[in-house]
Amino acid sequence: MKPRILVVEDEEKLRRVIELQLMSAGFEVDQAGTAESALPRIDRADLILTDLRLPGMSGLEMLGLIQKQNTHAPVIVMTAFSSIETAVEAMKAGAIDFLPKPFSLDHLMNVVNKALEMRNLRDENRQLKEQLGRRYEFDNIIGRSPQMQDIFATILRVAPSRATVLLAGESGVGKDLIARAIHFHSPRAGKQMVKINCTSIPENLMESELFGYEKGAFTGANVSKPGKFEQADTGTVFLDEIGDVPGNIQVKLLRVLQEREFERLGSNRVMKTDVRVIAATNVDLRAALENGTFREDLYYRLNVVPLNIPPLRERKDDIPYLVEHFAKKFGGEISDDAMQRLVAYYWPGNVRELENVVERSILLAQGPRVEAADVRIDISERARPATSSDHFLPEGLTLDQFEQHLIKEALKRADGNKSQAARLLGLTRNALRYRLTAMGIE
Ligand SMILES: Nc1ncnc2c1ncn2[C@@H]1O[C@H](COP(=O)(O)OP(=O)(O)OP(=O)(O)O)[C@@H](O)[C@H]1O
Ligand SMILES: [Mg+2]
């Protein structure tokens with residue numbers, strides 16, 4: 001098919017000359033005398049050639065609108081030789097090339113052909129990326145690292161059965177997303193998945209929430225009410241933050257997992273339930289086993305299929321793909337430099353933090369693209385330290401904050417000399433530099 005070029009030029013004679021030239025070179029030509037009349041037609045164009053100075057809306061304004069519409073047609077601007085600054089401005093705003101007037105027809109053809117070639121390259125690139133995207137995406141879970149690929153495979157392998165799955169991983173690594181994927185690939189997909197956040201339910205209400213109650217079971221129980229396990233019958237129960245379940249409830253959960261039965265609060269009638277249980281934790285349950293706050297028998301009943309989701313900093317290959325995914329979601333573009341910064345950072349808040357940073361950076365970027373300086377990493381948003389009664393870190397500090405503190409201290413002692421600070425820390429200079437960049441300290 002012939003490429004279609006839209007020519008926007010108010011000077012009729014010049015427009016005619018360009019049109020004839022392009023047509024004789026085998027292109028299809030569409031034309032307009034103003035930006036306003038050109039706009040409805042940009043969708044059908046493979047390339048747009050526009051004057052910058054136009055009556056009414058300027059070529060530059062039109063260019064802005066074209067970029068927003070996300071059409072794939074490249075734009076070449078024509079400008080008087082004397083106003084080369086506007087041409088530069090247009091290039092910054094996304095024009096692919098410019099033609100200073102007056103130009104020869106040879107020059108015109110050169111620029112047009114080059115732009116079309118670039119367009120083809122860009123399209124191929126995009127297609128390639130989309131293919132990769134499909135391959136590295138599973139139910140909206142992005143992951144091209146070998147660890148995530150393994151997780152995708154495990155999801156598919158365990159989904160069909162009723163086997164209990166225990167998801168373990170830091171906050172923000174995608175446990176919720178993975179739990180849902182398991183449910184939706186299981187034969188229970190058409191049934192409910194009932195999520196219970198074990199942290200947010202007060203201890204004294206947990207039993208009635210999970211197992212329901214009979215009228216009169218306690219003051220205020222005026223009617224009987226089914227619990228989550230009844231609601232989820234033939235479906236899936238997702239027990240989030242399982243480490244926070246109090247001891248008396250742990251016993252009851254164990255019974256559900258072993259016998260698939262329970263009683264409502266205030267009743268002796270044994271209820272049978274057919275549920276699939278998926279549990280998640282962001283603390284290491286083995287530590288809770290050791291100090292006796294989590295029952296060992298329950299742990300082994302839950303840990304039939306363990307799925308450990310590594311923190312983002314241990315699967316950096318995923319970062320560019322996640323960034324692209326979120327950039328698309330929030331309608332922005334990320335420069336290579338900005339991408340480098342995002343990859344270098346150590347993401348204590350994992351994918352959730354990355355998603356927030358990409359969103360904020362796109363929102364607050366100075367130009368049409370997120371540049372390195374636009375990347376907004378907000379230290380206050382870090383993952384809270386895991387709650388633990390015996391701190392061996394200084395009060396209230398996470399390991400990351402403590403590391404940052406030590407590095408700053410070393411720099412202070414070394415009077416800002418990085419090689420010396422690195423020696424104090426037992427690091428190579430490069431290792432120190434890497435940490436400094438990741439922390440956003442220059
Ligand atoms: N691999 C991924 N691909 C795309 N989005 C992801 C991925 N992992 C996480 N996310 C997104 O990051 C956010 C946090 O994920 P999610 O809620 O699943 O984390 P979590 O492990 O359950 O965290 P928490 O322990 O705090 O509950 C969500 O918005 C989720 O959609
Ligand atoms: Mg979660």
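1. Charged side chains. In this predicted model, the protein chain carries 59 positive and 63 negative side chains. The centre of the positive set and the centre of the negative set lie 2 Å apart.

2. Surface and burial. The exposed area of the protein chain is about 23700 Å², and 50% of that area is supplied by carbon and sulfur atoms. Among the 442 residues of the chain, 43% count as buried, a term that here stands for under 20% relative accessible area.

3. Secondary structure and overall form. The protein chain contains 18 helices and 14 strands. Its radius of gyration is 30 Å, whereas the globule rule gives 22 Å for 442 residues; the chain is therefore more spread out than a compact globule. Along the principal axes, the C-alpha atoms fill a box of roughly 95 × 60 × 40 Å.

4. Contacts along the sequence. Of the contacts in the protein chain with a separation of 6 or more, 66% are between residues 24 or more positions apart.

5. Strand β14. Which residues of strand β14 point to the buried face? Within this strand, which covers residues 305–308, Val305 and Leu307 point to one face and are buried. Pro306 and Asn308 point to the other face and are not buried. In a regular strand, side chains alternate between the two faces of the sheet.

6. The partner of β14. Strand β8, formed by residues 165–168, pairs with β14 in the parallel sense, over four bridges. In this pairing, Leu166 stands opposite Pro306 of β14. Pro306 is one of the residues in β14 that are not buried.

Terms used
Residues are numbered from 1 along each chain as its sequence is written. Chains are lettered from A and ligands numbered from 1 in the order in which they are written. This is a predicted model: local features need pLDDT of at least 70, side-chain atom pairs count only at pLDDT 80 or more; totals for chains, interfaces and linings use all residues. Side-chain values use heavy atoms; hydrogens and water are left out. Helices (H or I, at least four residues) and strands (E, at least two) are DSSP runs, numbered from the N terminus. The radius of gyration is taken over C-alpha atoms; the globule rule is 2.2 Å times the number of residues to the power 0.38. Buried means under 20% relative accessible area, exposed over 50%, partly exposed in between (1.4 Å probe, protein chains only). Contact means heavy atoms within 4.5 Å. Accessible areas come from the Shrake-Rupley method with a 1.4 Å probe; for residues, only the protein chains shown count as cover. Lys and Arg count as positive and Asp and Glu as negative; His and the chain ends are not counted. The place of a charge is taken as NZ of Lys, CZ of Arg, CG of Asp or CD of Glu. Two strands pair if DSSP finds at least two bridges between them.
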